[in-house]
Amino acid sequence: MMTTISPSILNSDLLDLRGQLEAVRNADYAHVDVMDNHFVPNLTWGLPVVEATVRAGILPIDAHLMIQDPDRWAPGYAEVGCASVTFHAEAATAPIRLARELRRLGTKAGLGLRPATPVEPFIELLPEIDLLLIMTVEPGFGGQAFLDCMLPKIQRARAAINASGLEIALQVDGGISRQTIERAASAGADVFVAGSAVYKAEDAYAEVEELRRLAACHAH
Ligand code: DX5
Ligand code: ZN
């Protein structure tokens with residue numbers, strides 16, 4: 001399994017998005033959080049800003065949609081060229097139809113689960129998706145503490161993915177840092193979103209390298 005690092009630009013210097021993306025050009029993706037003030041109590045940006053990050057051509061864009069009605073809005077993020085588009089299971093009306101639509105548009109389809117959403121009801125959907133996101137904080141804000149109580153859920157998701165024989169990335173998002181990434185990797189995650197850990201570090205590039213090194217040591 002490849003260790004994948006996806007820095008979240010949520011709490012970076014937003015007046016300098018290009019510079020913030022270039023600062024982590026050694027990462028695999030840039031994680032861009034779309035929030036609508038309904039699905040989560042915070043508001044970020046929408047399609048025009050995400051499209052600008054795609055057009056910058058610095059890193060593939062990993063769009064995380066914390067929005068209601070992704071059935072309506074998510075395909076647009078695939079159309080502008082995001083490498084992966086993750087919508088939330090709690091918000092989607094027809095997740096299978098939506099995942100198929102995203103794949104048809106040429107993007108990876110991601111399914112996100114809030115901390116209180118169990119993984120078991122979604123095992124049957126694994127063949128429809130390319131990425132499963134287990135939130136390790138309540139979505140909405142950067143800088144929160146990693147929820148250790150999510151580790152068993154990550155383990156169960158890893159077991160289900162392995163049993164399926166499918167190539168599905170297992171992403172964790174929230175509170176990932178030098179202090180927590182090894183636990184998440186040991187539990188079975190292979191895609192690591194890190195916001196404040198990367199952008200609060202003195203050297204974001206070096207922090208990406210260090211997170212990758214720590215996670216790789218514990219890769220399954
Ligand atoms: C939170 C977002 C995260 C956030 C992570 O709801 O989905 O991507 O930026 O930030 P940190 O790494 O600081 O927890
Ligand atoms: Zn996110």
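Begin by selecting the zinc ion (ligand 2) in this predicted model, where the protein donors are His31 through NE2, Asp33 through OD, His64 through ND1 and Asp173 through OD, lying 2.1 to 2.3 Å from the ion. If you display the angles at the zinc ion, the six donor atoms around it subtend 73 to 173 degrees, which makes the arrangement octahedral. Along the sequence, the donor residues follow the spacing H-x1-D-x30-H-x108-D.

Next, colour strand 2 (residues 30–35), which holds His31, and strand 7 (residues 169–173), which holds Asp173; the pair therefore ties together parts that are 142 residues apart in sequence. With a surface switched on, both His31 and Asp173 prove to be buried.

Now move to ligand 1 and select the 19 residues that surround it, the closest being Ser8, Gly140, Asp173, Gly195 and Ser196. Asp173 thus appears here among the closest residues as well as among the donors of the zinc ion.

Three polar contacts are worth drawing as dashed lines. A polar side-chain atom of His31 lies 3.3 Å from an oxygen atom of ligand 1, a polar backbone atom of Gly140 is 2.7 Å from an oxygen atom of the ligand, and a backbone N or O atom of Gly175 lies 2.8 Å from an oxygen atom of ligand 1. Of the 380 Å² of accessible area that ligand 1 has on its own, the protein covers 99%.

Finally, show the secondary structure around ligand 1: strand 2, strand 3 (61–66) and strand 8 (191–194) are the elements that give two or more residues to the shell. Coloured by residue class, that shell divides into seven nonpolar, ten polar and two charged residues.

Note on methods
Residues numbered from 1 in each chain as written. Chains lettered and ligands numbered in written order. Predicted model: local features only at pLDDT ≥ 70, side-chain atom pairs only at ≥ 80, totals over all residues. Heavy atoms only, no water. Donors = N, O, S within 2.8 Å, 3.2 Å for Na, K, Ca; no water. Tetrahedral: all angles 85-135°; square planar, octahedral: opposite > 155°, others 65-115°. Helix = DSSP H or I, 4+ residues; strand = E, 2+ residues; numbered from the N terminus. Buried < 20%, exposed > 50% of the residue type's maximum accessible area, 1.4 Å probe, protein only. Near = heavy atom within 4 Å. Polar contact = N/O pair within 3.5 Å; in protein donor to acceptor, adjacent residues only side chain to side chain. Areas by Shrake-Rupley, 256 points an atom, 1.4 Å probe, with all protein chains shown as cover. Nonpolar A, V, L, I, M, F, W, Y, C, P; charged D, E, K, R; others polar.
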